[in-house]
Number of protein chains: 2
Amino acid sequence: MKSFINKPEDIVKEAIDGLLINDKLAKLDRFPEIKVVLRNDWDKSKVALVSGGGSGHEPAHAGFVGDGMLTAAVCGEIFASPSVDAVLSAIMAVTGDAGCLLIIKNYTGDRLNFGLAAEQARALGYKVETVTVADDIALGADVKQRGIAGTVFVHKIAGYYASIGKNLEEVATIARQVAENTASIGLAHTECQMFTGQKEARLKENEVELGLGIHGEPGAEVIAQLPINELISIAASKIENHFNDPNAKYAVLINNLGTVTPIEMNVIANAFSKTKLAKQTSYIVGPAALMTALNMNGFSLSVLKLTEQLETGLLATVEPESWICAKKLSHPATITTPQLSALLPYKVTKNEAVAYIITCIANTFITIEQDINELDAKVGDGDAGATFASVSKFILKNLDKLPLANTKETLESIGRIFSREAGGSSGVLMSILFLGAANNYEQHPKLGKALLAGLERMKTYGGAKVGDRTMIDALEPAFKALAEDQTIIEAAIASRQGTESTKQVSKTLYGRSSYIPEELLLGIQDPGAEAMTRVLENLVKKLK
Amino acid sequence: MKSFINKPEDIVKEAIDGLLINDKLAKLDRFPEIKVVLRNDWDKSKVALVSGGGSGHEPAHAGFVGDGMLTAAVCGEIFASPSVDAVLSAIMAVTGDAGCLLIIKNYTGDRLNFGLAAEQARALGYKVETVTVADDIALGADVKQRGIAGTVFVHKIAGYYASIGKNLEEVATIARQVAENTASIGLAHTECQMFTGQKEARLKENEVELGLGIHGEPGAEVIAQLPINELISIAASKIENHFNDPNAKYAVLINNLGTVTPIEMNVIANAFSKTKLAKQTSYIVGPAALMTALNMNGFSLSVLKLTEQLETGLLATVEPESWICAKKLSHPATITTPQLSALLPYKVTKNEAVAYIITCIANTFITIEQDINELDAKVGDGDAGATFASVSKFILKNLDKLPLANTKETLESIGRIFSREAGGSSGVLMSILFLGAANNYEQHPKLGKALLAGLERMKTYGGAKVGDRTMIDALEPAFKALAEDQTIIEAAIASRQGTESTKQVSKTLYGRSSYIPEELLLGIQDPGAEAMTRVLENLVKKLK
């Protein structure tokens, strides 16, 4: 696996040091032998909160150390529980008379190591309570449940009550209440990869795992790769059935398990908002990466059944930047869009010859879309054909709404359509061209000259000129030919020559290819120029 | 590409609605035809800040809408600039007498669409200023630079000065100052994949791209996959050379371009902190995903040269949760670790027979490490062999420090070593076993019985018993044989039988396989039990 690291064995150590560029944090000086991250400003006057476990779940747990959440986090190597000594050192370092609460995820290793450390600390006279979090409902009620992302709810809410000075018993009671009232379930496209070696992919392209662990353990079920609305609905139903309480009020935490893209995480949040469970959900935390599993492409939902006390603890602000404040789960609000002038304000008029020419041009753009996209994929971003095809479809659909008997109005209408219907830069450039041509035609009613004038406007705004590897290389010679009263055949030939010349241009500051290395450009014509020339060449055939 | 979406054509729309579960945000009601996200509480009393561009860069730009940053974000489809109408609608919706600043990333499409919209808005009587951000230094000074993650510095600092009531001219001046004093460069392992189709991988396994775009444009250079400290040093030098100012004071923004794991992002932050550039860097923002490129596996550094005014704007807190507060870039602080008792507190004594047996056992664990790991990879997390091998190596190295003539002290010492040197649960379980055996041996000095008593302690803490598919299945029959004064041969045979019996156990609540589906377990013996039996079997051979 490609990764931004030095050596695999140093990852955890260096990641912790990377976190410690924050002056509010410190580490115990037996680091890296033991890896304890703790608050740099801790005075032991209140109940200390210690959590931790194997690394690979960042920002959990060290990322939640700070005022209002954890006092210390004990970090193991990747997916390995920290040693008893490390936990014991953390407890001894942060625990004063108020005592210490250990928040433990329900894995054998963590349970044993934190449990033994708690025993040893008690033997040394420290007041220590433990809470074990087992929020994963994937495996059903009859087996031991794992502690996963819902653990962060415990950090947050217990952290709040510790910070306002509640005693150890009170904080532990609240923490256990949060743990008992949290249910989580995960979904993933892939398992996670360790930094050493490459695992075989467990899932097929059309499969999703439901109820997976955060260490690459296989999911409880493999289900079909359904649309996200359906996947979320399945996961949310499991949580709803777990609580089975139509009067409950919930908070949801949407957790990125590693490498789901931010745009997808927002799609997931939207999908959650449409579930039945969302109707009972008052607050949402995230979507964000809170408890990850290295590079797993998956996410989890954790749902907390609220009481007034838990809600207060959830909503309080905290110092650690890895915690995302809970938001009220709301429906998208709308604000009235300001009124813009109509797209096609002119009176519809008919002209069959003009309609025929426009139809020919539009049909060519639609026919060549794929060709031009493929050409553009080599020297740009692969969408050159799409812009023209989509505007062409719109024009064909609205041909009977155009003022075809009036050339100036037709040019302006096409300009308006390009501006409103095409997002890309070629759309705006074409809009400028047609609006410029319309303005010019009003004063000097000659189409070739008007188009050339529009092209000049386009050059002014866009910055490119002939020789810069853009559609101007095809349009300028063609429009010049038309402006000089040459035939459409001569215009097409001139356009083809211009397009061919772009094959020699390997360096340009303008247009789609300006960010592409020179060696990739030589021998390939500009896709915009090619599209324009093809349109002219097809027009020649149709007008024969 | 596998993704958590409904239909590719609905991603942008649904992601925006997912963001809008936040009641502080709203959208213009011509959504989704135009996609404008704006503050729900905006009263037009101050300068409005509008930015935006193609989608696929989440949380930019809509994620930065909120008090202290943007007033509105205009979103295009993925990597496509929004239409002029969309930008114009946004301007008209948020601009009052104080006017509006457009923050534009330097791409032809954005420049044209935002520029034209600004022109049209001015024609309608709105006060509009624009700032174009071109922070990418990858392509050198002689070409048009792109706007990338450094743009967020402009949102943040201009946002602060707009929020405290500075006028349009002042806000625009500050925004231009930020844009001119920001330099960014990116590094990536992979290009980004669109949600439709799969691109061929551009980079080899041992290659990294330096100076890439945020739309999958190829990087300015392809360099070797070096350790991150060296990669960062190359990138940081480019930025340092760009500013070429030994007296400057900087802030750095470390941006995840999409799918770098959180633990790697911390390693990257640590690597940055070791560069020469870091010595001049006072503040760090992130590491975090601020301006992404879909699923690109890469990151970027953006560095802002500070003035007192810019520093004030940078540090102010804001409403949008996607912004990460700047932290002082600090060296990791340390706190003294509490003193624990020594690992090996007993007087060293010699016993060659005991030394030989321990050496045999340790060597076996080292020899079988890979076998046991491979077995564990099928039914657990693949580290079963590693734990025992690493402790064995430690014991061999420290054999001459053990109290070998005293059985009780030797048992306790091994227990202490397991507790301190082995992180995994088997380490603690073995520690409990040996400490329990030591305590028992003190009262009844018989090794077989002492080991059996230690095993009982282990069962109490860990929860598993014979038949649960753990090392207990091998250890209990072996220790029973020894306790009943049978030979080591008989103990090994009993242990092998116990291990064989685990092949039939497909359901268990305890141990490494308790989260693994039943069908994967049948026919495979428990790796822990197998390791113990192999040790006994080898001991039989060595003692023959």
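# A walk across the A–B interface and into chain B

Start by colouring chain A and chain B separately: where they meet, 123 residues from chain A and 123 residues from chain B take part in the contact. Keep in mind as you look around that this is a predicted model.

**Stop 1: the whole interface.** Show the surfaces of both chains. Together, chain A and chain B bury about 10,300 Å² between them, and 64% of that area is on carbon and sulfur atoms. Now switch on polar contacts across the boundary: there are 30 residue pairs in polar contact between chain A and chain B, both residues of each pair being at pLDDT 80 or more. For the side of chain A that touches chain B, select residues 262-273 of chain A, which form helix α7. This helix supplies nine residues, the largest share of that side. Colour the side of chain A that touches chain B by residue class and you will find 60 nonpolar, 39 polar and 24 charged residues.

**Stop 2: charges across the boundary.** How many salt bridges are there between chain A and chain B? The count is two. To visit a salt bridge between side chains, select K327(B) and E321(A), where N and O are 2.8 Å apart.

**Stop 3: strands from two chains.** Next, select residues 333-335 of chain A, which are strand β14, and residues 25-28 of chain B, which are strand β1. These two strands pair in the parallel sense, over three bridges. Zoom in on I335(A), and opposite it you will see L28(B) in β1(B).

**Stop 4: a serine with company from both chains.** L28(B) leads us on to S89(B), since the two are in contact. You will find S89(B) in helix α2 of chain B, residues 84-94. Is S89(B) buried or exposed? It counts as buried, because its relative accessibility is 0%, and the cut-off for buried is under 20%. Leaving aside neighbours within four places in sequence, the contacts of S89(B) in chain A are T337(A), P338(A) and L340(A). In chain B, S89(B) touches R30(B) and I34(B) as well as L28(B).

**Stop 5: salt bridges within chain B.** The structure holds 58 salt bridges over all chains, and here are a few to visit. Select E77(B) and K35(B), whose side chains meet at 2.9 Å, N to O. This pair links distant parts of the chain, with E77(B) in strand β4 (residues 72-78) and K35(B) in strand β2 (residues 35-39), 42 residues apart. E77(B) is partly exposed at 34% relative accessible area, whereas K35(B) counts as buried at 8%.

Move on to R146(B) and D136(B), which form a salt bridge of 2.7 Å, N to O. R146(B) and D136(B) both lie in the loop between β6 and α4 of chain B, ten residues apart. Both of these residues are buried.

Then pick K305(B) and D245(B), joined by a salt bridge whose closest N and O atoms are 2.9 Å apart. K305(B) is in strand β12 (residues 298-305) and D245(B) in the loop between α6 and β10, so this pair ties together parts of chain B that are 60 residues apart in sequence. K305(B) is partly exposed, at 22%.

**Last stop: a network in chain A.** Finish by selecting D371(A), R496(A), E500(A), K503(A), E530(A), R534(A) and E537(A). Salt bridges that share partners join these residues into one network.

Definitions and conventions:
Residues are numbered from 1 along each chain as its sequence is written. Chains are lettered from A and ligands numbered from 1 in the order in which they are written. This is a predicted model: local features need pLDDT of at least 70, side-chain atom pairs count only at pLDDT 80 or more; totals for chains, interfaces and linings use all residues. Side-chain values use heavy atoms; hydrogens and water are left out. Helices (H or I, at least four residues) and strands (E, at least two) are DSSP runs, numbered from the N terminus. Buried means under 20% relative accessible area, exposed over 50%, partly exposed in between (1.4 Å probe, protein chains only). Contact means heavy atoms within 4.5 Å. Buried area is the accessible area (1.4 Å probe) that two parts lose on being put together, summed over both. A salt bridge is a side-chain nitrogen of Lys or Arg within 4 Å of a carboxyl oxygen of Asp or Glu. A polar contact is a pair of N or O atoms within 3.5 Å; within protein, one must be able to donate a hydrogen and the other to accept it, and residues adjacent in sequence count only if both atoms are side-chain atoms. Ala, Val, Leu, Ile, Met, Phe, Trp, Tyr, Cys and Pro count as nonpolar, Asp, Glu, Lys and Arg as charged, and the others, Gly among them, as polar. Two strands pair if DSSP finds at least two bridges between them.
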